[in-house]
Amino acid sequence: MITQRAPYKTRRWTEAELAALRSMAQAGKDARSIGKQLGRSFMGVQAKAKKLNLVLPRMRA
């Protein structure tokens with residue numbers, strides 16, 4: 001089975017970004033605040049957290 005890549009250029013996650021994501025997720029930060037600090041989109045952070053089996057709290061309204 002061949003998987004298709006996104007039709008646009010994506011930036012790979014570095015080891016430093018992954019470590020920061022894990023640390024912030026463990027500290028209880030939500031996807032929006034993590035994304036702002038890492039320069040990533042909200043959806044990108046959520047997708048990567050799901051792949052890494054990290055639990056992120058829901059955002060507050």
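Trainee: How do you know that the length of helix 1 agrees with its 12 residues?

Mentor: This is a predicted model, and the check is made on its atoms. The expected span is 1.5 Å times one less than the number of residues. For the 12 residues of helix 1 that gives 16 Å, and the end C-alpha atoms are 17 Å apart, so the two agree.

Trainee: Which residues of helix 1 are called buried?

Mentor: Glu-17, Leu-18, Leu-21, Met-24 and Ala-25. Buried means under 20% relative accessible area.

Trainee: What puts these buried residues on the same side of helix 1?

Mentor: Their arc around the axis is only 135°, which means that they share one side of helix 1. The face turned away from that side carries the exposed residues Glu-15, Ala-16 and Gln-26.

Trainee: What covers the buried residues of helix 1?

Mentor: Helix 2 and helix 3 are included in the cover. Met-24 has contacts beyond its neighbours within four places in sequence: Lys-29, Ile-34, Gln-37 and Leu-38.

Trainee: What makes a set of residues a nonpolar core?

Mentor: The residues must be buried, of the listed kinds such as Leu or Ala, and joined through side-chain atoms within 4.5 Å. The largest such core here has 11 residues, among them Trp-13, Leu-21, Met-24, Ile-34, Val-45 and Leu-56. Helix 1 (15–26), helix 2 (31–38) and helix 3 (42–51) each give two or more residues to this core. Helix 1 gives the most, with 4 residues.

Trainee: What phi does Gly-28 take?

Mentor: Gly-28, just after helix 1, takes a positive phi of about 90°.

Notes:
Residues are numbered from 1 along each chain as its sequence is written. This is a predicted model: local features need pLDDT of at least 70, side-chain atom pairs count only at pLDDT 80 or more; totals for chains, interfaces and linings use all residues. Side-chain values use heavy atoms; hydrogens and water are left out. Buried means under 20% relative accessible area, exposed over 50%, partly exposed in between (1.4 Å probe, protein chains only). Contact means heavy atoms within 4.5 Å. The arc is that of the directions from the helix axis to the C-beta atoms.
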